[in-house]
Amino acid sequence: MMALTIAWRQLRSQWASGEVRVLLFALMLAVAATTSVGFFTDRIESALIKQGSMLLGGDLVIASDKAISAQYIEEAEKRHLQTVLTMEFPSMVLHGDVSHLAEIKAVGADFPLRGSLTILQHKVETAQMLTGGTETSTVPALGTIWIEPRLANQLGVNVGDSLDVGERSMRVTAILQREPSRGGDMFSIAPRLLMNIADIQSTGLVQFGSRVKHQLLLAAEDNAVEEYATWAKPLLGRGEQVQTVADARPEMRSALEKAQQFLGLAAMVSVILAMVAMFLASQPYVQKSLDTYALMRCFGASRQFIFRILISQTLLIATLGSGAGVLAGFVAQAGLATLAGSLLVDTLPAPGVMPALGGLVSGFATMLAVVWPHLSRLQDVPALRILRRDLGEQDKTRWLGFLPALLVLAGLIFWQAGHVKLAGIVLLALAGLVLAVVVLAWMGTKLLSGLPHNTTGSWKLGIAALKRRPGLAIAQVLGFSLGLMALILLSIVRGDLLHSWQQSLPEDAPNRFIINIQPDQIDGIKQFFNQEGLAQVDIFPMIRARLLEVNAKSINLNDYKDDRARRLAEREFNLSWAQDMQQDNQLLEGAWWQANDQGKPLLSLEQGIAESLNIKLGDKLTYDVAGNRLELEVSSLRKVEWDTMRANFFAVTPPGVLNDFPASYITSFHLPRGQENLLNQLVREFPNLTIIDVAALLDQVREIMNKMSHALEYVFVFSLLTGLAVLYAALVATREERVREATLLRVLGASRRQVIIALLAEFFTIGGLAALVASIAASVLAYYISSQVFNIPYQFNLWATLLVMAGSAILVPAAAWLGMHHFLNQPPRVLLQSI
Amino acid sequence: MQTPLAVEAVDLDKYIENSAGKLDILNSLQLKIPFGEKLAIIGSSGSGKSTLLGLLAGLDSPSSGKVLIEGTEISSLDEDGRAAVRGRSMGFVFQSFQLIPSLTALENVMLPLQLAGRADAKEQALNALERVGLAQRLMHYPRQMSGGEQQRVAIARAFAPKPAILFADEPTGNLDAQTGERIVELLFGLNAETGTTLVLVTHDLTLARRCQRIVRLQDGRLHDESAI
């Protein structure tokens, strides 16, 4: 208790000295940055889960290609979960003479368990069918159906009309505007027809062997659903799968994940900087504490007691810094949430406690790690130091002592980066930077040693100061380099990367897909686009195929460990052919075919699917195409930017390979706002086309990008502040020694001007050196982050780099002068008394 | 039974070995200080006065020989053991005051009392500060006080735990003559009141003469100079 009292008293008194404030401030910033990002992403995650549930229509779905096994339903009832069954299958529906393929969905009375249906229950013009609906908690009554506007349009029906669905005639009682669980494989869906599951049998549509997707939707208030999923997963048979909210809306998840990576990066930079600032500030803090502890030893304090004071003081600083950091982080995340606005859902769910706990743990770990290397030195300070000040002065800190700090730093980097490769490269860059600074400083010292001793000039006094204490010079250049590197990196990331990210989804990105184009309609459609002044489109062939064998070995689903690989192996592929590779594709391995390869059984595969299915260049794949076997050799692997929203294919062959198989065609295009009417004309001209509208989806992704960009700028403020804290700490770390030296110079007859010139020369060298190292390191890191992590092309910004270099060569000495001029203005007598 | 001495040094050697060879600082030094005695150790600069003080107070260990405090051999104890003896039996006044800059006058005086686990630390500290005439400056930090005032705080700190032995290392070395004189009066006055054994290291003969016995450190040995 006494140790704590003394620790508290000392801390309170030391508040006046800059080092403790820098320590606390840096710690607070690091914790605030990580917790605000933590709180915010936690809320976004909750929102995603909430929205994911709405999109699934429940918290969990068990899907099967046969009727849902009774064991799943019984177990759910035993666990008191809410359940509802649905069935989905395509079927032709008729209205008079007109028929159209519809995606029929039969649902139980409680559908959906999460989210709601939006319907329009009165007769309106076709053009108005998309607006003015209301949410409902009911499902179609027996004998009635709800249909999507697209189906109503194509069949020319309205509310009140009847359709033939299988053997029954059913009345349309509402237009279905929005339905949860309408994500998924958008290219295989025909317009929706919703009906009551109790009517299914009477339609006679579902017979033995029919291809029906059965679903059991489940929901519960607590985590009973997760426990249920854990129970169900080992029981899944062939054709059965569990879908969680994480599977819903992959495109939104991708945009948010990228944003979270950005946020994590900014928070990570803050953490690194804070730790550097704390290390710098800990040096004078330790130095000042040496005398105090020596005196305590003199008065009879044991090593253990000193250790207790040290630990108490460390924990006090950690508590204050982390506590203030968590509070600041909480307040800051409210700002972030405001910037994000009604993203995803109207109001973001409240944050959980985990980010706060994470912040506290990281704060304590950081503080302990920073103090750890000095503990033994402080604890072992000889009492004799009271009489001989030189004792305990030499830094006995062992390199091993820095190991916990390195581990904590690495841990925090991995935690915040959320990306192993990124964290690894940041650590490597840090190590490289340290090495570069040490080598440069060593070379600099060697060069300086070559300076003739008899030359005069005040600036040489400053340069000589660097020569006298190379260790300190290295530490300082390192501190400044890290601070500057972070600031440069952030300015590049914030500006260029953010811009490039938004540019990756330009305003004219395709927002409509057309599928089901028949070969004889291609010219007509191109002509239509031409006439209406729309940009010319590429139309791609598409042939359904199923993968049977890899290198003559049959596909066995049990060979694939993860769900995605299993799903990919099981589902039908769309094969396509092309003479040239699409512009947004990138060849990774092998070679693209030449003109004379036409008709050769070659295949170019997308890298992701190849990895999932463990397919290598040169492998022979056998497909089932419309009942025929087709063997193709993998001749290249490609990277595809799926985010561009253009039509892209997992598997492409040279022209001439798939000529004998029936193909339909697909295209994507950008339809400017206000020209929706053109779609009606297009459908009127080519009634069999299916147009898929992804404009709303794109808007949502764009909205995420915009809001996240604001959120990012906000989080960057933390990084900026920690960067400044580092610069300040680097100055404070050596201030006392500098004041002592400057005073001695003054006493020995140097003028104020001479001392200032010496100081500026020293810091000009330090600033210039630091800026050089920082610019190179930041550019390399920015290049890596943009091109490898975010897949955004990087452009080196020479002017910005030069500007930063020139700026720091001026600003660092200026800041040093600001920090010191107060002391330089005082007469040496006053200074001598104060040191 | 023989009453133990306050301080005793037996065959005390201290030397430094470096690349230049062996440098003897103390050589078979003998010293006996009975309880209540006021002893002055004088000697020229570099004669090893501070080294001897450090050894007697257990701040350092001898190369060979023994130091006994109140009959307990401290030279064979480890650093923590010696610290415990210091906390129990010794007080210190240094040339450069050695106050903790981050603590107030009161907190500085309370520190050794607290380290000794004294429940009445504050009360004792207040008394001691009052005794040295600083009752009005309890909450002042060292930087807010003059050299003389800082040394008075140091004296209050040294006497507050009522130590058996007080080590004073050039207590007036950093003060002007007038202030130094007042500090000396205070030091000896308090010493007389408490009957504390005083070991005073100084090069100031006038100050040394106020002690009962004077020894001169020369060539690593002590020579009795009481006749001076």
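This short talk walks through a predicted model of a complex, taking the contact between chain A and chain B, then chain B as a whole, and then a few backbone details.

Let me begin with the confidence, since everything I say rests on a prediction. For the complex, the predictor gives an ipTM of 0.87 and a pTM of 0.67. For chain B, the mean pLDDT is 88, and 97% of the residues of that chain reach 70 or more.

Now, please look at the place where the two chains touch. The contact draws 20 residues from chain A and 24 residues from chain B. On the side of chain A that touches chain B, the elements that contribute two or more residues are helix H1 (2-14) and helix H7 (250-298) of chain A. Which of the elements gives the most to that side? It is H1(A), with six residues. If we sort the residues of this side of chain A by their character, we find 11 nonpolar, six polar and three charged.

Let us turn to chain B by itself. Its secondary structure comes to seven helices and 10 strands, and of its 228 residues, 49% count as buried. If we take the contacts in chain B with a separation of 6 or more, residues 24 or more positions apart account for 69% of them.

I would like to finish with the backbone, where three places deserve a careful look. In chain A, the peptide bond that runs from A:Phe111 to A:Pro112 is cis, with an omega near -10 degrees. A:Pro112 itself sits in the loop between strand S3 (98-107) and strand S4 (117-120) of chain A.

The second place is A:Asn551, which has a positive phi of about 50 degrees although it is not a glycine. This residue lies in the loop that joins strand S13 (540-550) to strand S14 (553-554) of chain A. Is A:Asn551 buried or exposed? It is exposed, because 11 other C-beta atoms lie within 10 Å of its own, and a residue with 12 or fewer is called exposed.

The third place is in chain B, where B:Asp11 also is not a glycine and yet has a positive phi of about 50 degrees. B:Asp11, however, is found in a strand, namely S1 (residues 7-18) of chain B. With 13 C-beta neighbours inside 10 Å, B:Asp11 counts as partly exposed, since that class lies between the limit of 12 or fewer for exposed and the limit of 20 or more for buried.

Definitions and conventions. Residues are numbered from 1 along each chain as its sequence is written. Chains are lettered from A and ligands numbered from 1 in the order in which they are written. This is a predicted model: local features need pLDDT of at least 70, side-chain atom pairs count only at pLDDT 80 or more; totals for chains, interfaces and linings use all residues. Two residues are in contact if their C-beta atoms, placed from the backbone, lie within 7 Å. Helices (H or I, at least four residues) and strands (E, at least two) are DSSP runs, numbered from the N terminus. Ala, Val, Leu, Ile, Met, Phe, Trp, Tyr, Cys and Pro count as nonpolar, Asp, Glu, Lys and Arg as charged, and the others, Gly among them, as polar. pLDDT is the predictor's confidence in each residue, from 0 to 100.
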